[in-house]
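Me: I've just opened this one and I'd like to know what the labels rest on. Can we go through them slowly?

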Amino acid sequence: MPTALRASAKGARVISAGIHMSDIPAFPYEILWEERSLGSVANLTRADGEEFLALAPQVPVRTEVTTYPLEEANTALEDLRAGRFRGAAVLTV
């Protein structure tokens, strides 16, 4: 994770998703600075993914995305707070 943080741009999010992970070693704050962040996701196997993809058409899984140009980010936040869309808001560059 420290190596990934050093290689990432400002605002990057470094995610761990290993099933078997070792401890993260100590690292200097300067590589986390500039809004970088660390996160983790649930550990799923390839079989879990295959099972989900086989099941998804039967449910069906539907995604809903509302896009906003980057310059309308404040509008996207207002719409989110007001519940004016379902699903995810995506800023386009």
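Me: What makes strand 3, helix 3 and strand 4 a right-handed β-α-β unit?
Reply: Keep in mind that this is a predicted model. Here strand 3, helix 3 (residues 73–82) and strand 4 make up the unit. Point the strands away from you: a path from the first strand over the helix to the second that runs clockwise is called right-handed, and this unit is a right-handed one.

Me: How do you know that strand 3 and strand 4 pair?
Reply: Pairing takes at least two bridges. Strand 3 (residues 65–69) and strand 4 (residues 88–92) have 5 bridges, so they count as paired, and the sense is parallel. To see one of these bridges, look at T66, whose partner in strand 4 is A89.

Me: Why is D79 called buried?
Reply: The cut-off for buried is under 20% relative accessible area. D79 has 13%, so it's buried. You'll find D79 in helix 3.

Me: What makes the contact between D79 and R84 a salt bridge?
Reply: The rule asks for a side-chain nitrogen of Lys or Arg within 4 Å of a carboxyl oxygen of Asp or Glu. For D79 and R84 the N to O distance is 2.7 Å, so the pair passes. That 2.7 Å also fits the 3.5 Å limit for a polar contact, and the two side chains are joined by one.

Me: Is R84 buried or exposed?
Reply: Exposed: its relative accessible area is 54%, and the label needs over 50%.

Me: How many salt bridges are there by this rule?
Reply: The count is 3. Another one is between R86 and E64, whose side chains meet at 3.4 Å, N to O. This pair links distant parts of the chain, 22 residues apart: R86 sits in the loop between helix 3 and strand 4, and E64 in the loop between helix 2 and strand 3. R86 is exposed at 61%, while E64 is partly exposed at 37%.

Me: What makes E34 and R36 a salt bridge?
Reply: Their side chains come to 3.5 Å, N to O, which is inside the 4 Å limit, so the pair counts. R36 is buried because its 14% is under 20%. E34 has 30%, which falls between the two cut-offs, so "partly exposed" is the label.

Me: What is noted about the phi of E34?
Reply: Phi of E34 is positive, near 70 degrees, in a residue other than glycine. E34 lies in the loop between strand 1 (13–16) and strand 2 (37–40). That loop also holds E35, which isn't a glycine either and has a positive phi of about 65 degrees. E35 is at 67% relative accessibility, over the 50% mark, so it's exposed.

Me: Which residues make the nonpolar surface patch?
Reply: F52, L53, L55, V59 and V61 make a patch of about 490 Å². Patch residues need over 30% relative accessible area. L53, which is in helix 2 (residues 46–55), has 60%, so it clears that bar and counts as exposed too.

Me: And which peptide bond is cis?
Reply: The one from V59 to P60, with omega near -20 degrees. P60 is in the loop between helix 2 and strand 3.

Note on methods
Residues numbered from 1 in each chain as written. Predicted model: local features only at pLDDT ≥ 70, side-chain atom pairs only at ≥ 80, totals over all residues. Heavy atoms only, no water. Helix = DSSP H or I, 4+ residues; strand = E, 2+ residues; numbered from the N terminus. Patch = residues over 30% accessible without salt bridge, like charges linked within 9 Å, V, L, I, M, F, W, Y side chains within 5 Å. Areas by Shrake-Rupley, 256 points an atom, 1.4 Å probe, with all protein chains shown as cover. Buried < 20%, exposed > 50% of the residue type's maximum accessible area, 1.4 Å probe, protein only. Polar contact = N/O pair within 3.5 Å; in protein donor to acceptor, adjacent residues only side chain to side chain.
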